[in-house]
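Please open the model and keep it beside these notes. Each point below picks out one feature to find for yourself.

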Amino acid sequence: MRVFAGGVATETNTFSPIPTGLIDFEVVEPHEFPHPRRAEMNRLLELTRAQGWTFLPGLHAFAQPAGLTTRRAYEHLRDRLLDQLRAAMPVDLVLLPLHGAMVADGYDDCEGDLIERVRALVGPDTVIGVELDLHCHLTPRMVDRADVIVIYKEYPHTDIGARAEDLFRLCVATARGEIRPTMALFDCRMISMYLTPFPPMREFVDAISAAEGQDGVLSLSLAHGFPWGDVPDCGTRMLAITDADPAQAAQVAERWGRRFYALRHQVHHRPLTLEQGLERALASPRRPVVLADQSDNPGGGAPSDATFALQALLERGVTDAGVAMIWDPVVVHLAKAAGPGARLRVRLGGKMGPLSGAPLDLEVTVTGVIEGMHQEWPQQEGPPLQVDCGDAAALHCRGIDIIVNARRSQVFSPQVFSHFGIDPAAKRLLVIKSTQHFYAGFAPMAGEILYMAPPGAVAPLFTEIPYQRVDRNRFPWVDDPLE
Ligand SMILES: [Zn+2]
């Protein structure tokens with residue numbers, strides 16, 4: 001078989017002031033696979049070659065989540081990928097590892113647009129398989145044009161490679177004529193975030209996984225949705241794939257979708273306020289307490305330069321703490337120039353807008369500088385993903401170690417401290433900018449984990465998101481929208 005794979009991916013926070021342009025995409029070119037930051041492409045390559053088949057990679061472009069993607073960037077990358085597919089034809093499978101919440105100027109549903117163009121190019125008989133992040137806007141257009149869609153089940157996303165394997169297996173069986181996938185969607189009429197390590201999410205994920213392969217059900221996916229995308233298809237949807245039975249697919253999607261909906265009050269994420277988070281953390285007998293600053297997670301499109309949490313720590317005189325990572329390329333530049341051991345007066349953070357808070361004028365000691373720092377994101381299968389943090393510096397200020405970096409990246413690993421020789425396990429408190437992806441790396445070393453929502457660009461306080469285009473006849477605005 002001839003297997004083509006590639007994609008264009010980002011998660012668009014339509015409320016973010018940071019534009020996503022062509023220079024923001026890391027484009028991995030066909031000759032660069034396998035690549036340390038592309039688990040799904042690597043897995044598809046391995047699986048194809050293990051069969052002795054031909055793997056035909058296109059580009060895979062990914063941009064750190066931010067605001068609206070420019071039309072030029074999306075169309076340029078899309079058209080390059082389509083050109084690569086055209087050059088590779090004929091192909092048996094087209095596998096597209098995408099994200100599923102990319103919004104570009106003029107395109108509410110970039111993935112639907114891309115899949116539709118791929119279908120137009122390859123015709124009805126080539127199998128199109130799509131892998132999505134669970135923070136996607138799963139649209140009817142995507143479901144209509146693709147043959148198979150498989151979505152990550154875990155948040156934190158530790159199953160990127162495992163879901164690529166599901167996608168590959170189902171698409172190969174389809175191409176061989178062993179199955180005929182029929183997909184259906186059910187709108188749960190909910191907007192929230194759902195953390196899968198904890199009950200009852202854990203049990204729900206385990207239950208849908210166990211139901212796959214039973215009674216004609218080929219695959220089940222819960223598209224959690226991405227709350228900061230102000231597009232009409234924003235929200236949680238259940239996807240079922242059955243074998244040559246569209247009516248069964250609709251029934252199964254509705255049954256599991258309603259089962260999830262019944263859990264809405266339990267799975268709905270309710271973070272602590274900044275004050276509550278600090279009170280609980282400072283009262284805890286365990287250490288280190290890991291306190292997630294969910295509101296300034298750059299992985300959701302926030303600037304990552306908010307100062308609310310650091311300011312509160314300084315005001316309270318908290319010591320023996322670490323804060324990571326504040327995106328401030330100017331301060332990183334100053335720290336690099338001055339070097340380790342230097343005393344500096346810096347104006348730190350708070351530069352990107354009102355939701356970043358006020359910049360902090362601090363006297364700091366530079367304790368470390370790392371050019372091109374990386375951190376590792378653990379995965380269930382295969383090696384951890386390598387995440388680029390850009391140049392980074394450690395600053396010490398009044399008992400607090402502050403990690404500052406030059407390339408927006410959320411915190412995935414305690415390595416953001418330990419790379420500087422700072423022992424995160426010995427700290428009383430670690431404040432990190434991440435919504436949930438930190439969990440895989442921090443849970444093994446944390447004394448306690450707490451989630452808080454200071455003011456910020458992606459505060460998970462859903463009823464406060466200023467939607468213009470989303471129908472609010474949904475939970476949590478309405479308590480029982482499906483009744
Ligand atoms: Zn995600």
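1. Start with the side chains of Glu 26 and Arg 37, which meet in a salt bridge at 2.5 Å, N to O. Glu 26 belongs to strand E2 (residues 25–28), while Arg 37 sits in the loop between E2 and H1, so the pair ties together parts that are eleven residues apart in sequence. Keep in mind that this is a predicted model. In total, the count comes to 41 salt bridges.

2. Stay in that loop for a moment. Pro 34 is also found between E2 and H1. The bond that joins Phe 33 and Pro 34 is a cis peptide bond, with omega about 0°. A second cis bond runs from Tyr 155 to Pro 156, and here omega is near 15°. Pro 156 has its place in the loop between strand E6 (148–151) and H5. Why point these out? Because most peptide bonds are trans.

3. Now step back to the whole chain. The domain assignment gives domain 1 (2–267) and domain 2 (274–459). Their C-alpha centres lie 31 Å apart. How many residues of each domain are in contact with the other? Domain 1 contributes 29 residues, and domain 2 contributes 27.

4. Next, look at the area between the two domains. About 2300 Å² is buried there, and carbon and sulfur atoms give 57% of this. In domain 1, the residues that lose the most area to domain 2 are Arg 37, Gln 64 and Thr 158. Together these three make up 23% of what that side buries. Arg 37 thus appears twice in these notes: it is in the salt bridge with Glu 26, and it is among the residues that lose the most area to domain 2.

5. Which charged side chains meet across the two domains? The count between domain 1 and domain 2 is one salt bridge. Arg 43 and Glu 381 meet through their side chains in a salt bridge of 3.7 Å, N to O. Polar contacts are counted too: ten residue pairs are found across the interface, both residues at pLDDT 80 or more.

6. Two helices deserve a look on the domain 1 side. Helix H1 (39–50) and helix H5 (160–175) each supply at least two residues of the side that touches domain 2. H5 gives the most, with four residues. Sorted by class, this side of domain 1 has 16 nonpolar, six polar and seven charged residues.

7. Then follow three strands. Strand E13 (residues 360–377) and strand E14 (residues 385–397) run antiparallel and are joined by ten bridges. Glu 376 has Gln 386 in E14 as its bridge partner. E14 is also joined to strand E15 (residues 400–405) by six bridges, and this pair runs antiparallel. Opposite His 396 stands Asp 401 in E15. In a regular strand, side chains alternate between the two faces of the sheet.

8. Finish with two backbone angles. E14 and E15 form a hairpin with two residues between them, and Arg 398 in the turn has a positive phi of about 50°. Asp 215 is not a glycine, yet its phi is positive, at about 50°. Where is Asp 215 found? Asp 215 is in the loop between helix H6 (201–211) and strand E8 (217–223). Such angles catch the eye because most residues other than glycine have a negative phi.

Methods:
Residues numbered from 1 in each chain as written. Predicted model: local features only at pLDDT ≥ 70, side-chain atom pairs only at ≥ 80, totals over all residues. Heavy atoms only, no water. Domains from an automatic or database assignment. Contact = heavy atoms within 4.5 Å. Buried area = accessible area lost by both parts, 1.4 Å probe. Salt bridge = Lys/Arg side-chain N within 4 Å of Asp/Glu carboxyl O. Polar contact = N/O pair within 3.5 Å; in protein donor to acceptor, adjacent residues only side chain to side chain. Nonpolar A, V, L, I, M, F, W, Y, C, P; charged D, E, K, R; others polar. Pairing = 2+ DSSP bridges.
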